[in-house]
Amino acid sequence: MAKEIKTIGVLTSGGDAPGMNAAIRAVVRQAIVKGKKVKGIKRGYAGLLQEEIADMQACDVSDIIQRGGTILQTARCKEFTTAEGQQLGAEICRKHDIDGVIVIGGDGSFKGAQKLASLGINTIGIPGTIDLDIACTEYTIGFDTAVNTAMEAIDKVRDTSTSHERCSIIEVMGRGAGYIALWCGIANGAEDILLPEKYNYDEQALVNNIIANRKKGKKHHIVINAEGIGHSASMAKRIESATGVETRATILGHMQRGGSPTCKDRVYASTMGAYAVDLLCQGKSNRVVGYRDGEYVDFDIDEALAMHKEISDYQFEICRNLSL
Ligand code: ADP
Ligand code: F6P
């Protein structure tokens with residue numbers, strides 16, 4: 001019979017994402033409603049190993065649903081990737097009577113959760129990353145806010161780019177994934193998008209497109225460059241000398257990770273937080289919450305980590321077609 005969970009620990013790990021606070025709030029309050037105790041673990045796995053653990057009450061998550069970042073702080077922790085670190089983490093959970101842990105983070109964080117589960121601590125992962133690069137789910141906490149932040153910033157760059165009749169290379173985040181770049185490509189009407197999943201490093205094709213568009217009378221040329229390709233400043237110099245079109249590079253950077261979460265991020269993060277608590281209450285472990293085909297779902301972490309996700313060829317193609 002599955003063991004009954006009495007105390008739930010919650011942590012955020014890896015890069016922060018807007019909406020993580022909404023998820024923390026939901027975990028704490030749903031757990032209390034279900035008669036569980038909750039402990040907040042600060043600074044991800046690093047804080048677990050340092051025993052930065054404190055009881056959380058309903059009022060500790062007041063006034064945070066609208067705030068970006070994570071009140072639990074976050075970290076990347078090398079020590080937790082070792083067998084000794086993981087063993088120590090499980091022992092610390094037991095010492096603090098934590099029998100279930102909810103991990104809000106990306107694939108790396110889920111690997112940590114998987115290890116804790118194998119050491120007898122029930123774990124549930126919630127996808128929290130602006131990169132949207134978790135294969136088992138169509139939604140990750142923070143992507144919606146980040147992509148809207150990037151879209152608004154790109155609109156502003158476009159204004160000045162048009163006034164000066166320039167080409168603008170705008171670099172967006174996403175680590176090895178091109179989802180923010182693809183969505184902004186469509187939403188901002190970019191002339192070109194460079195995605196790690198699709199780019200063939202044919203810079204001459206880019207140069208030809210800029211020259212052709214200039215001949216057609218276009219007053220700007222917006223190139224959205226995914227971080228996974230990078231080197232926007234040197235690319236801008238090469239493009240300017242090859243095309244004769246004045247070119248500037250803008251790297252949006254960490255502004256994409258901040259700010260008040262959108263309604264979508266608040267609602268999905270809240271639902272996933274509550275859903276994760278319900279899974280623990282049902283005795284489940286080593287699961288990751290996802291959203292697919294209009295439903296909240298959950299997968300075995302091992303299976304989730306083995307899944308692959310592809311950029312839509314159709315969306316990639318229409319992005320180019322629509323900027324004709
Ligand atoms: P994300 O969760 O956003 O993918 P990272 O890849 O940086 O971010 O992972 C966050 C943290 O998860 C790492 O700093 C580490 O503590 C933990 N982690 C990553 N990979 C593993 C692993 N293979 N085993 C155990 N813990 C891991
Ligand atoms: O995973 C989220 C993310 O913002 C990526 O898009 C980016 O590559 C990375 O984190 C940046 O990490 P850091 O905050 O350590 O610079």
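Q: Which polar backbone atom lies 3.5 Å from an oxygen atom of ligand 1?
A: A polar contact is a pair of N or O atoms within 3.5 Å; within protein, one must be able to donate a hydrogen and the other to accept it, and residues adjacent in sequence count only if both atoms are side-chain atoms. Here the backbone partner at 3.5 Å belongs to Asp107. Gly106 places a backbone N or O atom 2.9 Å from an oxygen atom of ligand 1, and Ser109 brings a polar side-chain atom to 2.4 Å from an oxygen atom of that ligand. Taken alone, ligand 1 exposes 560 Å², of which the protein buries 82% (Shrake-Rupley accessible areas, 1.4 Å probe; for residues, only the protein chains shown count as cover).
This is a predicted model, in which local features need pLDDT of at least 70 and side-chain atom pairs count only at pLDDT 80 or more, while totals for chains, interfaces and linings use all residues. Residues are numbered from 1 along each chain as its sequence is written, chains are lettered from A and ligands numbered from 1 in the order in which they are written, and side-chain values use heavy atoms, leaving out hydrogens and water.

Q: How many residues surround ligand 1, and which helix gives the most to its shell?
A: The shell (residues with a heavy atom within 4 Å) holds 16 residues, the closest being Arg76, Cys77, Gly106, Gly108 and Ser109. Helix H4, residues 107-118, gives the most, with six residues (helices are DSSP runs of H or I, at least four residues, numbered from the N terminus).

Q: Which residues are around ligand 2?
A: They are Arg76, Thr129, Ile130, Asp131, Met173, Gly174, Arg175, Glu227, His254 and Arg257. Oxygen atoms of ligand 2 lie 3.0 Å from a polar backbone atom of Gly174, 3.2 Å from a side-chain N or O atom of Arg175, and 3.0 Å from a polar side-chain atom of His254. Alone, ligand 2 exposes 400 Å², and the protein buries 76% of that.

Q: Why does ligand 2 lie between domain 1 and domain 2?
A: Ligand 2 lies there because domain 1 (7-142 + 261-306) and domain 2 (147-257) both give residues to its shell; the bounds come from an automatic or database domain assignment.

Note on methods:
Helices (H or I, at least four residues) and strands (E, at least two) are DSSP runs, numbered from the N terminus.
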